[in-house]
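Me: I should like to learn how empty space in a protein model is read. Please begin with one example and then explain the terms.

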Amino acid sequence: IYTAEQDFYHTVVPTKESILTCSCIQGSSLTLNHEKLNIQEQGSLLFQEQAVPYEHLMKTDQNKKGEFLEIAVEKQFIASLFEEEKDYLAELLEKQSPKLSFDLNLTTLQVLQQLIANPFQGKLAQHYLDNKIEELHLLQYANWSYQKEQKHPALHKKDEEALHEVKHFIN
């Protein structure tokens, strides 16, 4: 978690390949030499992070507040969690440079705040975090699934018939 009262710049040095979720609760985020990934306030980006250093600029909002949360998981975590969701896995793990972006809805924001305010200590805290991270990934999947459905909405039979009538009328 990063909180800021002014814009800040830092170098990220990933030690291994992972699936990274970057969420900008307040402020925005831009990677400078890592495909120019740009995340707006109240936005989230899920992508494969390579073990290659990159520069990261985090900008505060108009009230000079910034709150950013990054969560890295291993590819195997995602592959196991979404084992039966072949389309999602293909889009996230098999593309050359996949990036899935989401707007943070109220439910996702609540889970992020719960992650930040973890009320537990020790092993219980780790179990809590693991479950919240899994919940966050499930919400991201639901968001991806909804967006995909909206891009290719199924027509009702009545609408299909109306389109065929219009096509027949035109011809």
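**Cavities and pocket**

Reply: β3 (18–26) and β8 (66–73) each give at least two residues to the lining of the second largest cavity. Strands (E, at least two residues) and helices (H or I, at least four) are DSSP runs, numbered from the N terminus. The model is predicted: local features need pLDDT of at least 70, side-chain atom pairs count only at pLDDT 80 or more, and totals for chains, interfaces and linings use all residues. Residues are numbered from 1 along each chain as its sequence is written, and side-chain values use heavy atoms, with hydrogens and water left out.

Me: How is a cavity recognised, and how many cavities of 30 Å³ or more does a search of the whole structure find?

Reply: Rolling a probe the size of a water molecule over the atoms shows where empty space is left. On a 1 Å grid over the protein atoms alone, a cavity is a set of points where a 1.4 Å probe fits but cannot get out; lining residues have an atom within 4 Å of a point. Two cavities of 30 Å³ or more are found here.

Me: Which residues line the second largest cavity?

Reply: They are C22, S23, C24, S29, M58, F68, L69 and E70, around a space of about 30 Å³.

Me: Which element gives the largest share of the lining of the largest cavity?

Reply: α4 does, with three residues. The lining includes S44, F102 and L139, and the volume is about 40 Å³, meaning the space filled by probe spheres set on the points, which are joined across faces, edges and corners.

Note on methods
1 Å grid on protein atoms, 1.4 Å probe; cavity = no way out; pocket = protein on both sides within 12 Å on 5 of 7 lines; lining within 4 Å.
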